[in-house]
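Colleague: Before we go through the strands, could you take me through the terms you use and what each one rests on?

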Amino acid sequence: MVMRFLRGKQDPKERDQKLDEGLQKSRSGLFGQMSALFDREEITDETWEELEELLVASDVGVETTFTLVESLQDRVDSGELRRPSHVRETLKQELRGILESVPPRNGAATGEGLLVTLVVGVNGVGKTTTIAKMANRLKADGAQVVIGAADTFRAAAIDQLEVWGQRAGVPVIAGAPNSDPASVVHDALAAARTRRADVLLVDTAGRLHTKYNLMEELRKIERVVSKGGSKVENLLVLDATTGQNGLLQARQFAKTVSLDGVVISKMDGTSKGGIVFAVVKELGVPIRYVATGEKIGDLAEFDSQAFVDALWS
Amino acid sequence: MFESLTDRMQGTFKKLNSKGRIAENDVDLALREVRISLMEADVNLKVAKQFVNGVKAKVEDAHALESLNPTQQIIQVVNEEMVELLGSEEAKLQTAPAPPTVLMMVGLQGSGKTTHSAKLALLLRRQGGKPMLVAADVYRPAAVKQLETLGGNLKIPVHSEGTQVAPERIAANAVAEARANGYTHVILDTAGRLSIDEAMMQELERVKEATNPTETLLVADAMTGQEAVRVAQQFHERLGVTGLIMSKMDGDARGGAALSIRSVTGVPIKFIGTGERPEALEPFMPDRMASRILGLGDMLSLIERAQAAFDERQAAELEQKMRTATFTLEDFYTQLQTIKSMGPLSQLLDMIPGMGSAMRNQDVQVDEREMKRIEAIIQSMTPDERQHPEILKNGRRRKRVAAGSGTSVADVNALLSQFNQMQKMMKQLTAGGSRGKLPRIPGLFS
Ligand SMILES: Nc1nc2c(ncn2[C@@H]2O[C@H](COP(=O)(O)OP(=O)(O)OP(=O)(O)O)[C@@H](O)[C@H]2O)c(=O)[nH]1
Ligand SMILES: [Mg+2]
């Protein structure tokens, strides 16, 4: 695997200097420069180098970056692409193509029975906050929503969710701290049915995908949900700040509960969330929402064009 | 997808070797592999560049290419450099000249500040201190309650004033209270925030001004990607961070953010968080972090996990066997049973240098079914065969084992070659320089 920007063509001193400058510079500055590069006439080594840097710096990952760039290079070699601006536009198309290659699975309430949405992910990614935002959205769309507080482990996780439930005006069904999460889910299902709810959103405890027992617990929760005969969907929350581990997370969660969608959280920060390209490509799971803040309204439907454009912003 | 660095470099040198003599600029080729590996570990791409450039002269000085095993040599130099960069000095918590010592916890949302506040409090109390926790996150719903619950469980006092008082006031009041009541430490749990959130960063500056903390600890998630550099730099510029805590190190993130943050801020890494429980806090060990970032496998973690699952005598035996490479199929089988309680096999195998990719190259997915198959195959062997797998070279024996276990000869072959690999790795580990590279922990490899 040979990447252009890994070539040793510059002298090290010059490179170190460039590094220092680069680290000082804000990202927009760096990529402002990038756009200028693409406005040039000729495709040079530098074009590729900067392109690769852009992708890696966005957490797209070395392997995915390499695959993308290689296919562009082939198209330049064959004469199909001639100018840097073509290369950029084509790359954008390819990136969008990855994200759009998986049809959205619309889990939105259809009014025919209860939909149970299980929200999973590693610790601190934004599961609870995302649930609050989803509840708020669904309610605004006229759906009857109930929230199940199946994080019985983390200190005050239930209280956190109850505050959000109040803010969203949605009932929260909870058990005692440290009680069995599967039984909370069981109760929440019953409550959702009694209330003839359209959607039951289930908050689960954060768990590292490497913890065998915790993943088994999740499997058990899912079993309880599926046995209820309702439609079920599982959403994985990925933190945009996460690097290459995001793919390992998605893989393991997908193996445990099968995923229907991904929510990318914390997109209001400076991270670009580039790992989702590998996630979508490898696991074939569509991205559902993008979370952009800590307020209840900070959740948007995923928009692949906006997401790809943001790599260059 | 994530090949280990050793595999990757060995691949490069294999290509080079088949070309004939190894040439001068092949160091560049080898170092390129290092750089790619670092980026796969989430080391910031610019930091990775800088690091590799810095290491180049040392690799050349070491005449690595003339050695019999250039891969090993280069990795050794790279590893030493990284250990050096990560901080060879022991980074202890500083203490204020007059109590209380104030520790201010800062970081992005969800990085683990609250949990680590509680962990530090527990540690300090175990060291004989009298710590106080302070709930200065007035934003996240139930953040105050979370800290109060954690403090309550540990019987460590929590100073809280609800969510209507400004964090800097809460913090200042807490310090005054601590001073009046003989507390040794005040741990300020602040709200998570984006480093580009100007108003929130100003708030931290005010908290700092009001309490003059001895330590400002940045809690960073081990899974953080390329932006770790910028985030850490911004927190550092605004607040003068004095120490880092890498959280969620119990996962399988390579943790390149540690190198990125350390090299742009120069701030020492003081602790790693290794679990959700308040006990799960460990001192930072640069040598272990380095081999984790470099993807050199983590034999020590493997042995530690084994120790947790096996009884001590068994663990000592396992260690001895790995060390002398007299680990047999019989041992493998007995331990498979125990290993089941340690987590998925694939993950454990990944900790053995070279093993993860050895498995992947054969496209073997280790799952529970696979494990059952392995068990069945070993069960079908005679005690003699388990002790001396060499005799299984005999085709008839293999056929018998396959039939007995309801598998195919190919399955038996696959297991044997995996086992062979494993033994080889163990031999390499103990024969090569690696043993000396393991941290000196009393009782282990000493
Ligand atoms: N900036 C920003 N912060 C967010 C976003 N989503 C959640 N957060 C914050 O991230 C932190 C963790 O969010 P939670 O919703 O508690 O995350 P969680 O996954 O439920 O965490 P655990 O249950 O502890 O595993 C909180 O401080 C949230 O306010 C987002 O989109 N942007
Ligand atoms: Mg939560």
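Modeller: Two strands are said to pair if DSSP finds at least two bridges between them, and please keep in mind that this is a predicted model.

Colleague: What makes β5(B) and β6(B) a pair, and which residue in β6(B) is the bridge partner of B:V219?

Modeller: Pairing needs at least two bridges, and β5(B), residues 215-221, and β6(B), residues 243-247, are joined in the parallel sense over five bridges, so the criterion is met. The bridge partner of B:V219 in β6(B) is B:I245.

Colleague: How do you know that β1 of chain B also pairs with β5(B)?

Modeller: Four bridges join β1(B), residues 101-106, to β5(B), and the two run parallel; since at least two bridges are asked for, they count as a pair. Within this pairing, B:M105 stands opposite B:L217.

Colleague: Why is β5(B) called mostly covered?

Modeller: Buried means under 20% relative accessible area, and seven of the seven residues of β5(B) are buried. B:E215, B:L217, B:V219 and B:D221 point one way, whereas B:T216, B:L218 and B:A220 point the other way, and side chains in a regular strand do alternate between the two faces of the sheet.

Colleague: Why is the unit made by β5(B), helix α9 and β6(B) called right-handed?

Modeller: With the strands pointing away from the viewer, the path from the first strand over the helix to the second must run clockwise for that name, and the unit of β5(B), α9(B) (residues 228-239) and β6(B) is assigned as right-handed.

Notes:
Residues are numbered from 1 along each chain as its sequence is written. Chains are lettered from A and ligands numbered from 1 in the order in which they are written. This is a predicted model: local features need pLDDT of at least 70, side-chain atom pairs count only at pLDDT 80 or more; totals for chains, interfaces and linings use all residues. Side-chain values use heavy atoms; hydrogens and water are left out. Buried means under 20% relative accessible area, exposed over 50%, partly exposed in between (1.4 Å probe, protein chains only).
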